[in-house]
Amino acid sequence: MKALQGPSRQTTVPAARARLGMTAGALSRPTEPRLHRELPFQCIALLLQGGGALGAYQAGVYEALSESELHPDWVAGISIGAINAALIAGNPPEQRVSRLREFWECVTPTTPLDEIAKLEPMSWMRGELGRSWFNQLSAATALMVGAPSFFEPRMPMTWWHPPGSLEATSFYNTARLSSTLERLIDFDRINAGEMRFSVGAVNVTSGNFVYFDNETHVIGPEHVMASGALPPGFPAIEIDGEFYWDGGLVSNTPLQWVLESEPQQDTLAFQVDVWSARGAFPHNLAEVMGRQKEIQFSSRTRSNSDKFRYIQKVRNALGSLLGKLPEELQRLPELELLRPVASARAYNIVQLIYRAKGYESHSKDYEFSRLSMEEHWSAGYHDTVRTLRHPEVLQRPDNIEGVLTFDLGQNGRE
């Protein structure tokens with residue numbers, strides 16, 4: 001696949017924003033009033049994990065957040081999460097849900113299988129076995145013909161392309177996705193910086209993980225596609241002479257990037273994961289492959305949150321201690337090193353994690369049926385609605401850590 005580059009993508013961030021008529025003061029944060037309700041946080045962050053077809057769950061989450069007037073100030077994503085993030089950041093608030101819906105309906109067209117599944121009575125579809133067959137057929141269809149507006153098999157096949165060509169390194173062509181992103185996303189809006197936007201990718205030759213952020217990069221469709229270029233299915237994407245693969249190869253969640261960024265802010269973070277680290281012991285090879293993916297791509301969400309909670313506890317304790325020192329000790333040179341580390345910031349980390357159904361197999365991330373898409377979207381929407389019924393989710397934490405982690409799966413369903 002050819003590099004998606006052009007003169008407009010090579011300019012600096014200040015130059016690009018100047019071209020959009022923005023002043024120097026607009027380079028940091030939005031100039032227009034915040035759209036969401038008043039909360040005891042400086043920033044609402046939406047963090048979107050990678051997971052292919054499961055990403056419709058994230059769209060449902062955003063729809064519920066939007067209805068509750070919880071519009072993010074910062075959206076960050078990996079892989080399919082990067083695409084959803086771009087659809088959100090690259091559209092005005094009143095169009096975001098409809099753009100998400102348009103994308104997901106484009107890549108999950110209604111097929112004869114979907115129409116058959118709607119027929120009544122369809123007793124074979126009521127049990128997990130029948131639904132499992134349906135999902136496997138849908139996934140097999142995606143493998144053979146791709147997904148509209150997203151990817152298609154290479155013709156001629158990969159093996160017929162000369163070694164060293166980009167076409168020889170992937171099974172599918174993602175040129176369709178580039179056109180889809182250009183059509184549905186206003187990249188000038190993303191680069192205007194009204195909402196902070198970050199997507200992660202991996203440099204193929206160095207192995208280094210990198211974030212493309214609209215505070216440091218002029219974002220184009222190539223940055224979004226690089227974040228979702230999972231080999232060997234999809235080709236690496238060239239950006240400024242370097243090639244990039246899916247960020248999920250190193251880290252499938254942008255949680256650390258957002259929480260460790262400076263300057264620190266009181267943050268309400270909605271972490272939307274489509275892979276659950278917890279799961280049942282597998283009973284066959286298909287379940288083994290599915291469980292392997294869940295463990296591999298869940299990115300140890302809970303352990304990362306626990307580590308961050310401990311670090312914040314130390315920071316808050318240090319800040320409290322420094323404030324109690326007598327004046328004659330406040331001028332010690334050692335304290336100049338310690339003060340930037342001390343923090344009194346508050347963080348709520350709201351974890352929304354998709355729990356796969358029993359009939360979903362290892363192919364659930366490339367099962368692009370309309371039926372499954374609607375189910376994933378609905379699950380994300382209703383999980384978020386139930387989560388927001390708990391008032392403590394939106395309240396500033398008052399514990400010593402300054403961190404509250406909320407998980408619907410742990411705290412129970414209503």
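**Entry 1: a pair in helix H14**

I began with Arg386, which forms a salt bridge with Asp383, the closest N and O atoms being 2.6 Å apart. The model is a predicted one. Arg386 and Asp383 both sit in helix H14, and because they are 3 residues apart there, about one helical turn separates them. I then looked up how accessible each partner is. Arg386 has 18% relative accessibility and counts as buried, the cut-off for buried being under 20%. Asp383 counts as buried too, at 4%. Elsewhere, I noted that Arg99, Glu102 and Arg183 are joined into one network by salt bridges that share partners.

**Entry 2: other salt bridges**

I looked up how many salt bridges the structure holds, and the count is 18. I picked out two more of them.

Arg196 pairs with Glu215, with 3.7 Å between the closest N and O atoms. This pair links distant parts of the chain: Arg196 is in strand S5 (residues 196–203), and Glu215 is in the loop between strand S6 (209–213) and helix H9 (221–227), 19 residues apart. Is Arg196 buried or exposed? Arg196 is buried, at a relative accessible area of 12%. Glu215, at 33% relative accessibility, counts as partly exposed.

Lys293 pairs with Asp365, and here the closest N and O atoms are 2.8 Å apart. Lys293 belongs to helix H11 (residues 285–297) and Asp365 to the loop between strand S10 (347–353) and H14, so this salt bridge ties together parts that are 72 residues apart in sequence. Both partners, Lys293 and Asp365, are buried.

**Entry 3: the chain as a whole**

I stepped back to the overall figures. The protein chain has 15 helices and 11 strands. It has 414 residues, of which 51% count as buried. I also checked the contacts with a separation of 6 or more: residues 24 or more positions apart account for 76% of them.

**Entry 4: the nonpolar cores**

Which residues touch the most other members of the largest nonpolar core? I found Trp104, Phe150, Phe197 and Phe270, in a core of 69 residues. Helix H3 (residues 80–89) gives the largest share of this core, with 8 residues. Apart from this core lies another, of 13 residues, including Ala76, Leu255, Leu259 and Phe308.

I followed Phe197 further. Leaving aside neighbours within four places in sequence, the contacts of Phe197 include Trp74, Val75, Ala82, Ala85, Ala86 and Ala89. Among the others are Ile190, Phe212, Asp213, Asn214, Ile219 and Val224.

**Entry 5: H6 against H14**

I returned to H14 (residues 370–388) and looked at helix H6 (residues 128–145). Their axes come within 10 Å and cross at roughly 110°. H6 is therefore roughly perpendicular to H14. Arg131, Phe134 and Asn135 of H6 meet Leu371, Ser372 and Glu375 of H14. I sorted the residues of this contact by type and got 2 nonpolar, 2 polar and 2 charged.

**Entry 6: Gly77 and Pro109**

Gly77 is in strand S2 (residues 74–78). Its relative accessibility is 0%, so Gly77 counts as buried. The C-alpha atoms of Gly77 and Gly50 are 7.3 Å apart, with their positions 27 residues apart along the chain. Beyond neighbours within four places in sequence, Gly77 is in contact with Leu48, Ala82, Ala85, Ser198, Val199, Gly200, Ser227 and Pro254.

Pro109 is in the loop between helix H4 (96–107) and helix H5 (112–118). Pro109 counts as partly exposed, at 28% relative accessibility. Its C-alpha atom is separated by 7.1 Å from that of Ser369, which is 260 residues apart from Pro109 along the chain.

**Entry 7: backbone checks**

Most residues other than glycine have a negative phi, and most peptide bonds are trans. I looked for departures from this.

Met155 and Pro156 are joined by a cis peptide bond, with omega about 0°. Pro156 is in the loop between strand S3 (152–153) and strand S4 (172–173). The peptide bond from Glu262 to Pro263 is also cis, with omega near -5°. Pro263 lies in the loop between helix H10 (255–259) and strand S9 (267–273).

Ser79 is not a glycine, yet it has a positive phi of about 60°. I found Ser79 in the loop between S2 and H3, and it counts as buried at 11% relative accessibility. Ser149 has a positive phi as well, near 65°. Ser149 is in the loop between H6 and S3 and is partly exposed, with a relative accessible area of 22%.

Key: Residues are numbered from 1 along each chain as its sequence is written. This is a predicted model: local features need pLDDT of at least 70, side-chain atom pairs count only at pLDDT 80 or more; totals for chains, interfaces and linings use all residues. Side-chain values use heavy atoms; hydrogens and water are left out. A nonpolar core is a set of buried Ala, Val, Leu, Ile, Met, Phe, Trp, Tyr and Cys residues joined through side-chain atoms within 4.5 Å. Buried means under 20% relative accessible area, exposed over 50%, partly exposed in between (1.4 Å probe, protein chains only). Helices (H or I, at least four residues) and strands (E, at least two) are DSSP runs, numbered from the N terminus. Contact means heavy atoms within 4.5 Å. Axes are lines fitted to C-alpha atoms, for helices over the stretch in contact, and angles run from 0 to 180 degrees between N-to-C directions. Angles under 35 degrees count as roughly parallel, over 145 as roughly antiparallel, 65 to 115 as roughly perpendicular and the rest as oblique. Ala, Val, Leu, Ile, Met, Phe, Trp, Tyr, Cys and Pro count as nonpolar, Asp, Glu, Lys and Arg as charged, and the others, Gly among them, as polar. A salt bridge is a side-chain nitrogen of Lys or Arg within 4 Å of a carboxyl oxygen of Asp or Glu.
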